[in-house]
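Colleague: Could you take me through this model, with the cut-offs behind each term?

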Amino acid sequence: AKKGYQITGIDISPESIKSAQLNAGESAEFYIHDMRVPFRINYYDYAFNFFTSFGYFDTEREHNNAIHNMTIALKNNGILVIDYLNPEFIIRHLEPNSELQHEHIHFSIERKYDNAFFYKTIRVQDPLLDNPLTFTEKVAKFNLEAFDKMFKINGLTMLEVFGDYHLYKFDTFSSPRMIMIAQKQKRLA
């Protein structure tokens, strides 16, 4: 936005939108919105989904709906960029347990996976709390082939895949990320 581009940010979290608005320029707009629901049609030249902010839904249909809605929000020949974890790299480098102490708060983190998801359970112990808090998140284990399939179903063609934020070539086993660039085909509305 500071470079003069008109941008739109969406997030399901009101807190995230409020934070984004504090730093927004005049050419930025932000909305509380669920990506599984259409937002705008044939509107954007580019759509970006960064930092594994995809993959948290329970069903294949929900994930496909999100890809579909990103696609239909693009103009014909528009570009979608999705940054996602590389499941093969995560499996090879998974740290099952870790501990973190921040002042008087203790965090215990457990990581595991099954055939479909990665799970991270965080337990928070704070002397100011009556009981520890526990949060669990799960992220789908989508590999490059799964994304390519979702892209094709939704009228997207994979153009390029990078393996990290330095935009090095993607390697299935050594790249920490899958940064996928896909283009919307003219045949879809």
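The questions below deal with a sheet, a pocket and some aromatic rings.

Modeller: This is a predicted model, in which local features need pLDDT of at least 70 and side-chain atom pairs count only at pLDDT 80 or more, whereas totals for chains, interfaces and linings use all residues. Residues are numbered from 1 along each chain as its sequence is written, and side-chain values use heavy atoms, with hydrogens and water left out.

Colleague: Which are the edge strands of the open sheet?

Modeller: Strands are DSSP runs (E, at least two residues; helices are H or I, at least four), numbered from the N terminus, and two strands pair if DSSP finds at least two bridges between them. Four strands form the open sheet, with antiparallel pairing, in the order β5-β6-β7-β8. The strands that pair on one side only, and are therefore the edges, are β5 (97–102) and β8 (133–140).

Colleague: In β7, what is the bridge partner of tyrosine 113?

Modeller: Strands β6 (residues 105–113) and β7 (residues 117–125) run antiparallel and are joined by eight bridges. The β7 residue that partners tyrosine 113 is phenylalanine 118.

Colleague: Which strand gives the most to the lining of the largest pocket?

Modeller: A pocket is an open set of points on a 1 Å grid over the protein atoms alone, where a 1.4 Å probe fits, with protein on both sides within 12 Å along at least five of seven lines, and lining residues have an atom within 4 Å of a point. The lining of the largest pocket has 39 residues, and among those closest to its centre are Phe48 and Asn49. At least two lining residues come from each of β1 (7–11), α1 (14–22), β2 (28–32), β3 (44–49) and α2 (60–73). With six residues, the strand that gives the most is β3.

Colleague: Is tyrosine 44 buried or exposed?

Modeller: Rings of Phe, Tyr and Trp (its six-membered ring) pair if their centres lie within 6.5 Å, with planes under 30 degrees apart counted as stacked, over 60 as edge-to-face and the rest as tilted. Tyrosine 43 and tyrosine 44 form an edge-to-face pair, 4.7 Å centre to centre with 70° between the planes. Buried means under 20% relative accessible area, exposed over 50% and partly exposed in between (1.4 Å probe, protein chains only). Tyrosine 43 is partly exposed because its relative accessibility is 43%, whereas tyrosine 44, because its value is 16%, counts as buried.
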